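Work through the exercises below with the sequence and the model open. Each task is followed by a solution in steps.

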Amino acid sequence: MGSYLQRLQYRVLVRPEDMPPSQDGFEVIGTFNPGATVLDGSVVLLVRVAERPICRPGWVGLPRWTHGRLVTDWLPQDQVKWIDPRAVRLRSTGQVRLTFASHLRTCRSADGLSVDRWDESRFIPELPWEEYGVEDPRITWLDDRFWITYVAVSRFGVATALASTKDFRSYERHGIIFAPENKDVVLLPERIRGRFVAVHRPALATRLGPPGMWLAWSEDLKSWGQHEPLQWAREAWESARTGAGPPPLRTESGWLLLYHGVTPGKRPDDVGQYRAGALLLSHENPGRILRRTCHPILAPELPCEQQGFVPDVVFPTGLVDRGATLLVYYGAADTSTAVVEWSRSELEGALEAVESAPSNKGEPA
Ligand code: MAN
């Protein structure tokens, strides 16, 4: 503990109050978990905007997207049971619904530390498996375009879908690439031995194993196979679950993969504490972990990380390489988008050799 990386610079870049709701009758409660990349010398952030219906006393409003618009299913309060701030269970059917719905908006930043402007275009839910929202985009440049993996949430569950763009103004959808329940999917920015590589995080309903990260391979970015377990929680701070953060970054010594780890909550409605760590994966065989941070390197320490829609959450989703430093973009308390600048050498110094290399598969604890 206490080994968090020094924040050389730190800014809250986007707050919900900066963003108008997309329709009357809704309020923006979160602008967070952004994908990040660089285009024409500027940082581009694809920010998740979460909206919910403005409260009517005695009722719970459950939003969904249909035909390009947000609509709300209103239920009397006694017909739902709250699970946590994010979700309720319908007493009649047992179905779970989100209390908000998300879409994505793009902003540009010349210095990476302040927002210069917002684009008009929005990436809004359009397909049946996106009706409860599109969330947590990760951006990877591959070949001639940006590929965006994003979480598609609907009555069919929580899946990960793929889209691509050249300019963040128009997008092409390529469908679901990992069926429910699977999220935190990131693509390696290069082919390995001619094939694409993804890190993904299936959820294990049986609890026979802890949710951990997996690796998958593809010829075309759309069909994925040869799945292999990559990482299982080893430390108390990540024992509830782990999932990839931003897409891996090539460094001299391997692929740097930031990830989030969750400590279990103390009450049923407490989602736990989200912190971040890092892995270094072998260049030629990204299924092999060379080094890892045993302790978290980023944790909710500031008020905007400890208080918000979901308290005690830092959730890195974007990374920009500045040579001697790294800019890490993350969601703070599922409310705001923040950026922190780290020294690359300090981060590399926090990565400890993994005892059992070359095989890190082992048995989950
Ligand atoms: C899940 C996802 C994320 C969110 C965290 C913390 O992993 O819903 O979008 O940031 O929980 O609430």
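**Exercise 1. Locate Asp-143 and state what sets its backbone apart.**

Step 1. Asp-143 is found in the loop that joins S11 to strand S12 (145–154).
Step 2. The model is a predicted one. In it, Asp-143 has a positive phi of about 60 degrees, although it is not a glycine.
Step 3. Most residues other than glycine have a negative phi.

**Exercise 2. Find the loop that holds Glu-181 and describe the peptide bond that leads into this residue.**

Step 1. The loop lies between strand S14 (172–178) and strand S15 (182–187), and Glu-181 is part of it.
Step 2. The peptide bond from Pro-180 to Glu-181 is cis, and its omega is near -5 degrees.
Step 3. Most peptide bonds are trans.

**Exercise 3. Describe the largest pocket by volume, lining and residue class.**

Step 1. The volume of the largest pocket is about 1,100 Å³.
Step 2. Its lining is made up of 46 residues, and those closest to the centre are Arg-86, Val-158, Glu-181, Lys-183 and Arg-241. Glu-181 is also the residue that follows the cis peptide bond of Exercise 2.
Step 3. Sorted by class, the lining has 23 nonpolar, seven polar and 16 charged residues.

**Exercise 4. Place the ligand and list its surroundings and polar contacts.**

Step 1. The ligand takes up the space of the largest pocket.
Step 2. With a cut-off of 4 Å between heavy atoms, the residues around the ligand are Asn-33, Arg-48, Arg-86, Asp-136, Lys-183, Tyr-274, Val-310, Phe-315 and Asp-334.
Step 3. This shell divides into three nonpolar, one polar and five charged residues.
Step 4. For polar contacts, look at side-chain atoms facing ligand oxygens. A polar side-chain atom of Asp-136 lies 2.5 Å from an oxygen atom of the ligand. For Arg-86 the corresponding distance is 2.7 Å, and for Arg-48 it is 2.8 Å.
Step 5. Taken alone, the ligand exposes 310 Å², and the protein buries 93% of that.

**Exercise 5. Which elements line the second largest pocket, and what is the class make-up of its lining?**

Step 1. The second largest pocket has a volume of about 310 Å³.
Step 2. Its lining consists of 17 residues, with Thr-37, Ile-139, Pro-189, Leu-249 and Leu-319 nearest the centre.
Step 3. Two or more lining residues come from each of strand S2 (26–39), strand S11 (133–142) and strand S24 (314–321). S24 gives the largest share, five residues.
Step 4. By class, the lining has 12 nonpolar, four polar and one charged residues.

Methods: Residues are numbered from 1 along each chain as its sequence is written. This is a predicted model: local features need pLDDT of at least 70, side-chain atom pairs count only at pLDDT 80 or more; totals for chains, interfaces and linings use all residues. Side-chain values use heavy atoms; hydrogens and water are left out. On a 1 Å grid over the protein atoms alone, a cavity is a set of points where a 1.4 Å probe fits but cannot get out, and a pocket is an open set with protein on both sides within 12 Å along at least five of seven lines; lining residues have an atom within 4 Å of a point. Grid points are joined across faces, edges and corners, and a volume is the space filled by probe spheres set on the points. Ala, Val, Leu, Ile, Met, Phe, Trp, Tyr, Cys and Pro count as nonpolar, Asp, Glu, Lys and Arg as charged, and the others, Gly among them, as polar. Helices (H or I, at least four residues) and strands (E, at least two) are DSSP runs, numbered from the N terminus. A polar contact is a pair of N or O atoms within 3.5 Å; within protein, one must be able to donate a hydrogen and the other to accept it, and residues adjacent in sequence count only if both atoms are side-chain atoms. Accessible areas come from the Shrake-Rupley method with a 1.4 Å probe; for residues, only the protein chains shown count as cover. A molecule sits in a cavity or pocket if more than half of its atoms lie within 2 Å of its grid points.
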